[in-house]
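Open the structure in your viewer and keep the selection box at hand. This tour tells you what to select at each stop and what you will find there.

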Amino acid sequence: MSDNATLSSDAVAIADRIGELLACMRSAEAELGALLVEIEQRGVMELFGYRSVARLLEHLGDVPKQAGERMMKRARALNPGRNLDGSPIPALAPATGVAALAGRMSTPMIDVITEVLTQVPPEHQTSVEVDLLTFAADAGHRQVAALGARILAHLNPDGAEPDDTEPANPTRELFLRRKRTGVWELNGRFDDETGTRTSALLDTLAERRTSDDGPDHRTLPQRYGDAFSDAVDLALNSPDLPMQAGERAHVMVAVSLADLKTGVGTATLGDSGSMSAAEARVLACDSMLIPAVLGDKSEPLNLGRLRRLISAGLRRALYLRDRGCAFPGCHRPPRHCQGHHIRHWADGGPTDLTNLVLMCAHHHRLLHRSDWEVHIAPDGLPEFLPPVFIDRRRKPRRNNIHEPLPCAA
Ligand SMILES: [Zn+2]
Ligand SMILES: [Zn+2]
């Protein structure tokens, strides 16, 4: 055999091996996606104490949150879902899901196909998916995207309908309604100027999306939802907030001391609502919510309310020490943060620097719900012990992001 022939047979073998490895990776990724969707359906909160699968992946596998969210979006499109009542929701792209499991689909190809299918009327989705997949067998994702654009133009020759339903009436209306399930619905309409300001506020608080991700219809509302919750916290923390009877605005919640200590049971919220005692424990931690603590016979207990409120001076000292959320890797600045009592005041923990840690709302909740733990190290700074499933030795971790850069000194 000549040298040239040896080389080319080597090249063929190498190319074959690359193909095999890529198929392996892609098939494993599809299998992982199915598992992640299953975790989401069983409840990532119930299983791991994390608010989203992307957050879990971030800690479990060092997967950046945005990459994790893209992974989830892709997996949801390929795998069947389930409604809250358990009834199945068919997958958007089931045949693409089968091809992905067999290791035949690149991630950009999957994204191109699902992106086209989300814009196709439901009655045409199956046939369009078959057309795209057939074409994809011998083409790259850019060619498939071009075919998809032609199919969409054919199905809807006039393009999207112009949005002329917006009323010219500049009134501002807001409907906030609590449903029996404890889920709240927000609806409203604003004039252009208020809407623009609201949008600017939420955009600032919502985490950035990557530019090559394309329009993200599923996770944008989720990001806006989180941003809205942060905006409410910010407003409640603002010194300009009008006082109610000489106090910071707060939500009344009635909870028994036993339930507040254990976090098991139900608390009565406002006039009509209820929340879990675990959630009341988180909110009461920084006195974001001032609980009416009840004894065994539902009699109000006086638990030294002033002692557990974090004074302005103490809050400043906490800001200076922690400089922002103290959770490892978190960027949130002090104004987004709450004071966490390491030993809850309901359990007799003092309200002072040795028992307080500054945390953003997200990490504060995570700390209360998961197996993460925090303590103050001998040098007076907080450090966090990860759950066993992240680090078997539970080696303490610190947040060094808020430390001033050496060159900035
Ligand atoms: Zn707390
Ligand atoms: Zn944080």
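We begin with the whole chain, then go on to the metal sites, a group of rings, one helix and a few single residues.

**Stop 1: the whole chain**

Show the chain as a cartoon. Keep in mind that this is a predicted model. The chain has 409 residues, and 36% of them are buried. Look for the 15 helices and 12 strands. Now turn on the contacts. Take those with a separation of 6 or more: residues 24 or more positions apart account for 51% of them. Switch to the surface next. The chain exposes about 24,800 Å². Carbon and sulfur atoms supply 56% of that area.

**Stop 2: the zinc ion (ligand 1)**

Select ligand 1, a zinc ion. Which residues coordinate this ion? Show Cys-285, His-340, His-364 and His-368 as sticks. The cysteine binds through SG, and His-340 uses ND1. For His-364 and His-368 the donor atom is NE2. The distances run from 2.0 to 2.3 Å.

Check the geometry. The angles among the 4 donor atoms are 102 to 121°, and the site is tetrahedral. Along the chain, the donors follow the spacing C-x54-H-x23-H-x3-H.

Now colour helix α15, residues 361–369. His-364 and His-368 both sit in this helix, 4 residues apart. That separates them by about one helical turn. Here is the background: an α-helix has 3.6 residues a turn, so residues three or four places apart point the same way. Is each of these two histidines buried or partly exposed? His-364 is buried, at a relative accessible area of 0%. His-368 has 24% relative accessibility and counts as partly exposed.

**Stop 3: the zinc ion (ligand 2)**

Move on to ligand 2, which is also a zinc ion. Its protein donors are Cys-325, Cys-330, Cys-360 and His-363. Each of the cysteines gives its SG, and His-363 gives ND1. They lie 2.0 to 2.3 Å from the ion.

Why is this arrangement called tetrahedral? The 4 donor atoms subtend angles of 97 to 118° around the zinc ion, and a tetrahedral site needs all angles between 85 and 135 degrees. In sequence, the donor residues are spaced C-x4-C-x29-C-x2-H.

Pick out two of these donors. Cys-330 lies in the loop between α14 (312–322) and β9 (337–341), while His-363 lies in helix α15, so the pair ties together parts that are 33 residues apart in sequence. Cys-330 is buried, at 6% relative accessibility. His-363 is buried too, at 8%.

**Stop 4: a cluster of rings**

Hide the metals. A search of the whole structure finds 4 aromatic pairs. Select Tyr-50 and Phe-389, which form one of them. Their rings are 6.5 Å apart, centre to centre, with 70° between the planes. That pair is edge-to-face.

Where do the two residues lie? Tyr-50 is in the loop between α2 (44–48) and α3 (53–61), and Phe-389 is in the segment after β12 (382–385). The pair therefore ties together parts that are 339 residues apart in sequence. Tyr-50 is buried at 1% relative accessible area, whereas Phe-389 is partly exposed at 35%. Add Phe-48 to the selection. Ring pairs link Phe-48, Tyr-50 and Phe-389 into a cluster.

**Stop 5: helix α6**

Select residues 107–118, which make up helix α6. This helix has 12 residues. From first C-alpha to last it reaches 16 Å, close to the 16 Å expected at 1.5 Å a residue. Show its side chains. The buried residues of α6 include Met-109, Ile-110, Val-112 and Ile-113. Thr-114, Val-116 and Leu-117 are buried as well. What covers the buried residues? The cover includes α4 (65–78), α5 (94–101), α7 (122–136) and α8 (141–155).

**Stop 6: three single residues**

Select Thr-126 in helix α7. Thr-126 is exposed, with a relative accessible area of 60%. Draw a C-alpha to C-alpha line to Pro-94: the distance is 8.8 Å, and the two residues are 32 apart in sequence.

Go to Asp-62, in the loop between α3 and α4. Asp-62 has a positive phi of about 55°, although it is not a glycine. At 67% relative accessibility, Asp-62 is exposed.

Finish at Arg-323, in the loop between α14 and β9. Arg-323 is not a glycine, yet it has a positive phi of about 60°. With a relative accessible area of 39%, Arg-323 is partly exposed.

Definitions and conventions:
Residues numbered from 1 in each chain as written. Chains lettered and ligands numbered in written order. Predicted model: local features only at pLDDT ≥ 70, side-chain atom pairs only at ≥ 80, totals over all residues. Heavy atoms only, no water. Donors = N, O, S within 2.8 Å, 3.2 Å for Na, K, Ca; no water. Tetrahedral: all angles 85-135°; square planar, octahedral: opposite > 155°, others 65-115°. Buried < 20%, exposed > 50% of the residue type's maximum accessible area, 1.4 Å probe, protein only. Phe/Tyr/Trp six-rings, centres within 6.5 Å; stacked < 30°, edge-to-face > 60°. Contact = heavy atoms within 4.5 Å. Areas by Shrake-Rupley, 256 points an atom, 1.4 Å probe, with all protein chains shown as cover. Expected span 1.5 Å × (residues − 1).
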